[in-house]
Amino acid sequence: MAATFLRSIMLQTIKTENNCLRRCLGKYIVQKMALAQLPLSASVPRLSYLIHAKAFSTVEDSQHERKKRKNNETDFSNIGRKISERIIHVFDEKGNDLGNMHRADVIRLMDERDLRLVKRKPSTDPPEYQLMTGSQIHAERLRLREREKARPKTGPTLTKELIFSSNIGQHDLDTKTKQIQQWIEKKYKVQVTIKKAKNAEEPENKTEELFNQILQTMPGIATFSSRPQPVQGGKAVKCVLRHLSEKEEIAYRQTQETQEGNPLNKKNENDKKSDILHQ
């Protein structure tokens, strides 16, 4: 009797343990299958969130707006009725100073005279504006466009180099001088190196005379950026030519006008030309 009772208890215990193992293993298998069936996008929700967040970012937009606003401030154009400031300083179409005015009064004046409003000095306080006609705005745009074309391109000045011997023939010298003139007119610097001829008897100042001869073919255009100086142990002489600056060109023209108007100054004409060209 006791043996039967113990056997039934053991069977009941084994059955209970098996049921527990089944439940645990079943939960584990179900969880694994559920994870395997999930899409890849669901496993990385943060990546999708970051992508959408970047699409709505305002950093790049604000930088673009600042750049656009800065360009608009420098452009010469009619702003219409969009006057952001309440009080502005106004000049009329003839350049007369109208003083500080309320933007409503400015708009009323524009309607009465059929004028446009353009920015003159937006950085001042209050900012300066000018009333202009359509033809005045068109003429001013053309003038600014021509000035922009005439302005030299920014960046380092290019240097051209030319080397020849001191016993060069006159024809070859004229050819090289024309090449130098073309470079100077394009605002290049020109480095000229003259090698002293071998086994040739020539004056010591022959190379300097050649440099001066080249420079005298470009009056009012070129001057020395660096004066002639010996190089290569005295075997050659080198100098650099450049285009005259705007101030130097004005000074040269004024000197020419003064000499033409006063005959007494003609005696010193060559000396004054040399002083300007050899600055």
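So, Lys121 stands opposite Glu128 in β4. Keep in mind that this is a predicted model. I'm starting with that pair because β4 is the strand I want to build the talk around.

Lys121 belongs to the edge strand β3, which covers 116-121. β3 and β4 pair in the antiparallel sense, over 5 bridges, and a hairpin takes the chain from β3 to β4 through 6 residues.

Now the other neighbour of β4. That's β1, residues 87-91, which runs parallel to β4, residues 128-132, with 3 bridges joining the two. Here Glu128 comes up again: His89 stands opposite Glu128 in β4. A bit further along, Phe91 has Gln130 as its bridge partner in β4. In general, strands of a sheet pair through backbone hydrogen bonds, and they can do so parallel or antiparallel.

Put it together and you get an open sheet of 4 strands in the order β2-β1-β4-β3, with mixed pairing. The edges are β2, at 97-102, and β3, at 116-121, and each of those pairs on one side only. From one strand to the next, the twist averages 35°.

Okay, so is β4 enclosed or open to the outside? It's largely enclosed by the rest of the structure, because 5 of the 5 residues of β4 are buried. As background, side chains in a regular strand alternate between the two faces of the sheet. In β4 both faces are covered: Glu128, Gln130 and Met132 are buried on one side, Tyr129 and Leu131 on the other. And yes, that does put Glu128 on the buried list.

Next, what lies across the sheet? That's helix α5, residues 103-113, which lies across β1, β2, β3 and β4 and runs at about 120° to β2. Its buried residues are Val106, Ile107, Leu109 and Met110. Those four sit on the same side of α5, because they cover an arc of only 160° around the axis. The general rule behind that kind of spacing is that an α-helix has 3.6 residues a turn, so residues three or four places apart point the same way. And what covers the buried residues of α5? The list includes β1, β2, β3 and β4. Just after α5, have a look at Asp114, which takes a positive phi of about 55°.

A quick word on rings. Searching the whole structure for aromatic pairs gives 0. There are charges over rings, though. Phe91, our β1 residue, has Arg120 over its face, 4.0 Å from the ring centre. Elsewhere, the charged end of Lys160 sits over the ring of Tyr188, at 5.1 Å from its centre.

One more residue, away from the sheet: Gln181, in helix α7, which spans 170-185. Its relative accessible area is 23%, so Gln181 counts as partly exposed. Leaving aside neighbours within four places in sequence, Gln181 is in contact with Thr217 and Met218. Gln181 and Met218 are 37 residues apart along the chain, with 7.1 Å between their C-alpha atoms.

Last, the whole chain. We've got 10 helices and 8 strands, and buried residues make up 24% of the 279 residues. Of the contacts with a separation of 6 or more, 56% are between residues 24 or more positions apart.

Conventions. Residues numbered from 1 in each chain as written. Predicted model: local features only at pLDDT ≥ 70, side-chain atom pairs only at ≥ 80, totals over all residues. Heavy atoms only, no water. Phe/Tyr/Trp six-rings, centres within 6.5 Å; stacked < 30°, edge-to-face > 60°. Lys NZ or Arg CZ within 6 Å of the ring centre and 35° of its normal. Pairing = 2+ DSSP bridges. Axes fitted to C-alpha atoms, helices over the stretch in contact; angles between N-to-C directions. Contact = heavy atoms within 4.5 Å. Buried < 20%, exposed > 50% of the residue type's maximum accessible area, 1.4 Å probe, protein only. Arc of directions from axis to C-beta.
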